[in-house]
Amino acid sequence: MNIQHEESETKGAFFILNDQNKRTAELTYSKAGADKIIIDHTQISDENRGKSYGKQLVFHAVEFARSNNLKVLPLCPFAQSVFQRFPELNDVR
């Protein structure tokens, strides 16, 4: 699975494309200043629910934050639940 990333000055997204180049899973974030991102939405297509795509997107966002010395505010309820289940992610909070 190939997680892709796009970003602009104020927003960004991590996403997975299916065989038809359609987004099948996506995590979006907003930038809050130069040192923080806010995860605001995670969406997984119905056919891919239960495959841990959402969790993988959150982990990928955390790795991006670590690599760029950013903090993460998980406002999305799904992202919040991943942070609660995996305390090792809390170094970026």
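This passage describes the salt bridges of the structure above. The model is predicted. In it, six salt bridges were counted.

One of these salt bridges joins the side chains of Glu6 and Arg23, with an N to O distance of 2.9 Å. Glu6 belongs to strand β1 (residues 3–7), while Arg23 belongs to strand β3 (residues 23–31). The two parts are 17 residues apart in sequence, so the pair ties them together. Both partners were also assessed for exposure. Glu6 has a relative accessibility of 38% and is classed as partly exposed. Arg23, with a relative accessible area of 32%, is partly exposed too. The pair does not stand alone: a network of salt bridges links Glu6, Arg23 and Glu26.

Another salt bridge lies within helix α1 (residues 53–67). Here the side chains of Arg66 and Glu63 meet, at 2.6 Å from N to O. Arg66 and Glu63 are three residues apart in the helix, which means that about one helical turn separates them. Glu63 is partly exposed, at 43% relative accessibility. Arg66 is partly exposed as well, and its relative accessible area is 31%.

A further salt bridge connects the side chains of Arg49 and Asp46. Its N to O distance is 3.1 Å. Arg49 is exposed, as is Asp46. Each of these two residues therefore has a relative accessible area over 50%.

Terms used:
Residues are numbered from 1 along each chain as its sequence is written. This is a predicted model: local features need pLDDT of at least 70, side-chain atom pairs count only at pLDDT 80 or more; totals for chains, interfaces and linings use all residues. Side-chain values use heavy atoms; hydrogens and water are left out. A salt bridge is a side-chain nitrogen of Lys or Arg within 4 Å of a carboxyl oxygen of Asp or Glu. Helices (H or I, at least four residues) and strands (E, at least two) are DSSP runs, numbered from the N terminus. Buried means under 20% relative accessible area, exposed over 50%, partly exposed in between (1.4 Å probe, protein chains only).
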